[in-house]
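Student: I should like to take a close look at one part of a model. Please treat a single strand pairing in detail and then work outward to its surroundings.

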Amino acid sequence: MLKSLIVKLVVKSRLSIRLENIKKEIIKSELLSCGKNLNIDLPVTIKNAQNIFIGNNVGIASFVHIWGGGGLTIDDNVLIASHCAIITETHDYNAEFIYKSYQKSPIYISKNVWIGSHTVI
């Protein structure tokens, strides 16, 4: 009985790892461009990935939220710690009705940057 339980846990663990790898490959395939050695720790949320360029040796920790509608470039050797938000699109706070407004602006994160946990850009 114990052996059967262990076998089930190992199979489930292997399946879980495969599913995570598939999710990561889907994210990478949706990006405008993706360099070598992108490491993503799931879960992450990435919207409008087709507007996001990611360079080489980039690490994105879990619980990161990225909205790329306005365009986002993350250059080489960038680390993004957990619980960060990178937002290229938002409401226009100068508009008469904020909820009806919408604006986009590109963001460029240069080489060799470490974005600390809970940062909002």
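Which residue in β13 does L79 stand opposite?

Tutor: L79 stands opposite W114 in β13. This is a predicted model, in which local features need pLDDT of at least 70 and side-chain atom pairs count only at pLDDT 80 or more, while totals for chains, interfaces and linings use all residues. Residues are numbered from 1 along each chain as its sequence is written, and side-chain values use heavy atoms, with hydrogens and water left out.

Strand β8 comprises residues 79-80 and is joined to β13 by two bridges, the two strands running parallel. Strands here are DSSP runs of E of at least two residues, and helices are runs of H or I of at least four residues, both numbered from the N terminus. Two strands count as paired if DSSP finds at least two bridges between them. The pair belongs to an open sheet of four strands in the order β2-β5-β8-β13, with parallel pairing. Because β2 (39-40) and β13 (114-115) each have a single partner strand, they stand at the edges, and one side of each lacks a neighbour in the sheet. In general, strands of a sheet pair through backbone hydrogen bonds, either parallel or antiparallel.

I80 leads from this sheet into the interior. Apart from neighbours within four places in sequence, I80 is in contact (heavy atoms within 4.5 Å) with G59, I60, A61, V64, I74, I86 and I115. I80 and I60 touch the most other members of the largest nonpolar core, which has 23 residues. Such a core is a set of buried Ala, Val, Leu, Ile, Met, Phe, Trp, Tyr and Cys residues joined through side-chain atoms within 4.5 Å. The elements that give two or more residues to this core are β4 (52-54), β7 (72-74) and β12 (107-109).

A61, one of the contacts of I80, lies in the loop between β5 (59-60) and β6 (65-67). Buried means under 20% relative accessible area, exposed over 50%, and partly exposed in between (1.4 Å probe, protein chains only). A61 has a relative accessible area of 17% and is therefore buried. Beyond its neighbours within four places in sequence, A61 is in contact with D41, V44, I80, A81 and S82.

The C-alpha atom of A61 is 8.4 Å from that of P43, although the two residues are 18 apart along the chain. P43 is located in the loop between β2 and β3 (45-47). A cis peptide bond, with omega of about 5 degrees, joins L42 to P43.

The loop between β8 and β9 (85-87) contains H83, which is not a glycine yet has a positive phi of about 65 degrees. H83 has 38% relative accessibility, so this residue counts as partly exposed. A positive phi, near 55 degrees, also occurs at N48, in the loop between β3 and β4. At 31% relative accessibility, N48 is likewise partly exposed.

Two cysteines complete the description: C84 is buried at 1% relative accessible area, whereas C34 is partly exposed at 29%. The structure holds zero disulfides, a disulfide being a pair of cysteine sulfur atoms within 2.5 Å.

As for the wider setting, the protein chain has one helix and 13 strands. Of its 121 residues, 31% are buried.
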